[in-house]
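Visitor: Please take one part of this model and go through it closely. I would like to see how a single strand sits among its neighbours, and then how the rest of the chain is arranged around that part.

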Amino acid sequence: MTVADVTTQDRYPTRRGTESAFIERTDPVVWPGVRSGPASAEDLAAHDAKGFHTVPDLLSPAEVQEYWQELDRLTRDPEVRADERTVVEKDSGQVRSLFEVHRTSELIAGLVRDPRVLDRARQILGSDVYVHQSRINYMPGFKGSGFYWHSDFETWHAEDGLPAPRAVSMSVALTDNYPFNGGLMVMPGAQRTYVSCAGRTPGDNYKSSLKEQKVGVPGEDDITRLGYEHGIEQFTGPAGSALWFDSNTMHGSGNNITPFPRSNIFIVFNSVHNAPVAPFAAERPRPGFVAARDTAPITR
C-alpha cells in the first residue's frame, strides 16, 4: 500500500483537501516510563507546558570548538558536498544542511550516545529511542535563508509515517545565537494544537522541501491565530547552548543578513514504540537519510 495501513488509526489527518484545521493533541508531551536522567523536574515541567526547554551549557567551549572544526571539515570535503545527503541553498549554492551526520561523523555519533543527550531524550519520551533524523544546519552570514513556520510532526506523520508525536528534537548551537542572525522562533504551548494542513503531497517532495518548504505549512490565518494565542519566544544564547523541543512545536526562523553565521547540530529522537508505518499522506516514504526506518534503540 502507498498510504498508512488501514489498521493504523490516523488521529492526525493532514493534506486531504483545500482547508486547514486545528486538531487537539491527544498524546502526552512528556511521556511516563523513565524516572531518572539529566533533566530536572523543572526542565520537564517547562517542556510539558511550553513544548520546549533549554540547556544553557550542554557543550563546553572546548567541545564547541571540536564540533565546529568537524562542521568545517565536512563542508569543505568535495565528496560530502557531492553526496545526496547534502542540501545547498536554493539561491547562493552554499551548504544549507548535511543529513545523517551521526552515520558519517564519529564525533557526532558519540554525541548521540552521550548520557547528557541520550538519557534526556529517554526521559522526555519515556522509552528507549533511536535517531529519526540528524543533520548539521549551516546558516551562513548575509545569505542564509530561514525556515517558514511549521510543525515537524506534520511532515514526519504525512511523509514518514510516524503515528504519534512521540519524538523530540535537540538543536545544539555551534555559534552564538542572537536575535538578529536567524535565531529559531517558537510558540510556547502551541505543541498541544496540531495543524492539519491543506494541499496534497507531490512526488519526491523532499527534494524541494529541504530547501524551501511549501507543502505542509500552516496558512497565514493559522499562524496569526496561534501567534496571538501563544506568543512567540526565541532561542538565543552562546555556542554550546541546546534547545530541546517537541515534534509538534510550531517554529520557524528568519533569514540571516548579518555577518554572523548561525550553525547547529540537529538530532531528532523518536520512541521505539512510535516506529514509522507507511506514510499517511504521501505515495512512499522519504529516503532513509532524511527519515530513518531502522528503529533499533541507541545503546552506549
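Guide: What follows starts from one strand and works outward.

The model is predicted. The strand chosen is E13, residues 262-271. Of its 10 residues, 10 are buried, so E13 is largely enclosed by the rest of the structure. In a regular strand the side chains alternate between the two faces of the sheet. Both faces of E13 are covered. One side carries Arg-262, Asn-264, Phe-266, Val-268 and Asn-270, and the other carries Ser-263, Ile-265, Ile-267, Phe-269 and Ser-271. Polar residues such as Asn-264 and Ser-263 are on this buried list along with Phe-266 and Ile-265.

E13 pairs with strand E5, residues 129-139, in the antiparallel sense, over 10 bridges. One of the paired positions is Met-139, whose bridge partner in E13 is Arg-262. E13 is also joined to E7 by seven bridges, and these two strands run antiparallel as well. Here Ala-167 has Asn-270 as its bridge partner in E13.

Within E13, Phe-269 is worth a closer look. Its relative accessibility is 0%, so Phe-269 counts as buried, the limit being under 20%. Leaving aside neighbours within four places in sequence, Phe-269 is in contact with residues from several parts of the chain, including Val-117, Ala-121 and Leu-125. Val-129, Tyr-130 and Val-131 are also among its contacts, as are Arg-166, Ala-167 and Val-168. The list further includes Val-112, Trp-244 and Ile-298. The C-alpha atom of Phe-269 is 8.6 Å from that of Leu-118, although the two residues are 151 apart along the chain.

Some of these contacts lead to helix H6, residues 115-125. Eight of its 11 residues are buried, so H6 is largely enclosed by the rest of the structure. The buried set contains Val-117, Leu-118, Ala-121, Ile-124 and Leu-125, and also Asp-119, Arg-120 and Gln-123. Val-117, Ala-121 and Leu-125, buried in H6, are the residues already met as contacts of Phe-269. Just after H6, Gly-126 takes a positive phi of about 70°.

Another contact of Phe-269, Trp-244, belongs to strand E11, residues 242-246, where five of five residues are buried. Both faces of E11 are covered, with Ala-242, Trp-244 and Asp-246 on one side and Leu-243 and Phe-245 on the other. E7, residues 167-173, is joined to E11 by five bridges and runs antiparallel to it. Met-170 has Trp-244 as its bridge partner in E11. E7 therefore pairs with E11 and with E13, given that two strands pair if at least two bridges are found between them. E11 is also joined to strand E2, residues 52-55, by four bridges, again antiparallel. In that pairing His-53 stands opposite Trp-244.

Elsewhere, four strands form an open antiparallel sheet in the order E6-E12-E8-E10. E6 (147-151) and E10 (233-234) stand at the edges with a single partner strand each, so one side of each has no neighbour in the sheet. Inside this sheet, E8 (residues 185-186) is joined to E12 (residues 250-253) by two bridges. Met-185 has Gly-252 as its bridge partner in E12.

Two residues other than glycine have a positive phi and can be set side by side. Arg-15, in the segment before strand E1 (21-24), has phi near 55°. Phe-142, in the loop between E5 and E6, has phi of about 75°. Arg-15 is buried, with a relative accessible area of 2%, whereas Phe-142 is exposed at 54%.

For the chain as a whole, there are nine helices and 13 strands. The radius of gyration is 18 Å, which agrees with the value near 19 Å for a compact globule of 300 residues. The C-alpha atoms fill a box of roughly 50 × 45 × 40 Å along the principal axes. Of the 300 residues, 55% count as buried. Among contacts between residues at least 6 apart in sequence, 86% join residues at least 24 apart. The chain exposes about 13200 Å², with carbon and sulfur atoms supplying 50% of it. The mean positions of the 31 positive and 39 negative charges are 2 Å apart.

Terms used
Residues numbered from 1 in each chain as written. Predicted model: local features only at pLDDT ≥ 70, side-chain atom pairs only at ≥ 80, totals over all residues. Heavy atoms only, no water. Rg over C-alpha atoms; globule rule 2.2 N^0.38 Å. Buried < 20%, exposed > 50% of the residue type's maximum accessible area, 1.4 Å probe, protein only. Contact = heavy atoms within 4.5 Å. Areas by Shrake-Rupley, 256 points an atom, 1.4 Å probe, with all protein chains shown as cover. Lys, Arg positive; Asp, Glu negative; His and termini not counted. Charge placed at Lys NZ, Arg CZ, Asp CG, Glu CD.
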